[in-house]
Amino acid sequence: MRKRKKVKSHVNLHHARTDYARGVMQQIEKDGVCPFCMEHFLKYHTKPILSKGAYWVFTENFDPYPGSKHHLFAVYKTHAVTLTEISGKAAAELFDGFNRLAKKRKIKGATIFMRYGDTDYTGGTIKHLHAHLVSGTSRQKSKEPLFTWIGYKSPSAKKK
Ligand SMILES: [Zn+2]
């Protein structure tokens with residue numbers, strides 16, 4: 001029998017935004033698994049799968065940002081945590097997939113982002129690579145910005 005290596009945690013509880021997300025992540029931590037690896041993904045993820053490509057699974061965020069009308073989510077099908085693990089073909093499929101879904105939903109404007117690497121630098125919760133597409137409403141309908149965490153300000157960075 002192969003000895004199992006002690007696995008590093010796949011989640012960063014410091015960045016859980018809601019009690020709901022924190023609860024799910026605490027369970028994931030107890031289970032000691034990567035929640036975005038496909039063999040575990042559907043156990044924790046309750047939103048419908050919108051499409052599957054060769055490299056990505058497209059779905060909705062299970063805990064969408066408050067104020068978002070669309071919070072689409074793409075999860076890399078293989079366990080990866082850094083950008084260098086993504087091939088050009090995989091990158092193209094990510095954009096194509098988001099493009100198709102945005103067209104289908106008639107999304108007029110949105111933001112795509114993907115955190116990678118050490119979550120202590122990004123505000124990310126799940127380390128396994130995934131990308132977001134977020135869209136709220138227009139400036140004419142709301143003046144309240146839709147914010148998210150993309151990292152920590154460096155005190156040593158010069159102000160311009
Ligand atoms: Zn994984």
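Okay, so β2 and β3 run antiparallel, joined by 5 bridges. Keep in mind that this is a predicted model. One pair to look at there is F58, which stands opposite A74 in β3.

Now step out from that pair in both directions. On one side, β2, residues 56-60, is joined to β1 by 3 bridges, again antiparallel. If you want a residue to click on, I49 stands opposite T59 in β2. On the other side, β3 pairs with β5, residues 130-135, in the antiparallel sense, over 6 bridges. There, H71 has V134 in β5 as its bridge partner.

Put it together and you get an open sheet of 5 strands, in the order β1-β2-β3-β5-β4, with antiparallel pairing. The edges are β1, residues 49-52, and β4, and each of those pairs on one side only. Neighbouring strands in this sheet are turned by 15 degrees against each other on average, ignoring direction. For anyone who wants the background, strands of a sheet pair through backbone hydrogen bonds, parallel or antiparallel.

So how many residues of β3 are buried? It's 6 of the 7 in the strand, residues 70-76, so β3 is largely enclosed by the rest of the structure.

Next up, the helix α3. It has 17 residues, and at 1.5 Å a residue it should span 24 Å; the end C-alpha atoms are 24 Å apart, so that agrees. Which residues of α3 are buried? They are L94, G97, F98 and L101. Those cover an arc of only 90 degrees around the axis, which puts them on the same side of α3. That fits the usual helix arithmetic: with 3.6 residues a turn, residues three or four places apart point the same way. And what does that buried side pack against? The answer is β1, β2, β3, β4 and β5. Flip to the face turned away from the buried side, and you find the exposed residues G88, K89, A92, F95, D96 and K103.

Okay, the core. The largest nonpolar core has 23 residues, and those with the most contacts inside it are W56, F58, L72, A74, V75 and F98. The elements giving two or more residues to this core are α1, β2, β3, α3 and β5, and β3 gives the most, with 5. You'll recognise F58 and A74 from the opposite pair I started with, and F98 from the buried side of α3. As a general point, nonpolar side chains tend to be buried together in soluble globular proteins.

W56 is worth a zoom. Leaving out residues up to four places away in sequence, W56 touches A74, V75, Y76, K77, E93, L94 and G97. Two of those, L94 and G97, are buried residues of α3.

Now a couple of spots away from the core. After α3 comes K106, with a positive phi, near 55 degrees. Most residues other than glycine have a negative phi. K106 sits in the loop between α3, residues 88-104, and β4, residues 111-113. Is K106 buried or exposed? It counts as exposed, because there are 6 C-beta neighbours inside 10 Å, and the cut-off for exposed is 12 or fewer.

Last stop, T18, in the segment before α1, residues 19-31. T18 is exposed too, with 10 other C-beta atoms within 10 Å. T18 and Y65 are 47 residues apart along the chain, and their C-alpha atoms are separated by 9.9 Å.

Conventions: Residues are numbered from 1 along each chain as its sequence is written. This is a predicted model: local features need pLDDT of at least 70, side-chain atom pairs count only at pLDDT 80 or more; totals for chains, interfaces and linings use all residues. Helices (H or I, at least four residues) and strands (E, at least two) are DSSP runs, numbered from the N terminus. A residue is buried if 20 or more other C-beta atoms lie within 10 Å of its own, exposed if 12 or fewer, and partly exposed in between; C-beta atoms are placed from the backbone. Two strands pair if DSSP finds at least two bridges between them. Axes are lines fitted to C-alpha atoms, for helices over the stretch in contact, and angles run from 0 to 180 degrees between N-to-C directions. The expected span of a helix is 1.5 Å times one less than its number of residues. The arc is that of the directions from the helix axis to the C-beta atoms. Two residues are in contact if their C-beta atoms, placed from the backbone, lie within 7 Å. A nonpolar core is a set of buried Ala, Val, Leu, Ile, Met, Phe, Trp, Tyr and Cys residues joined through C-beta atoms within 7 Å.
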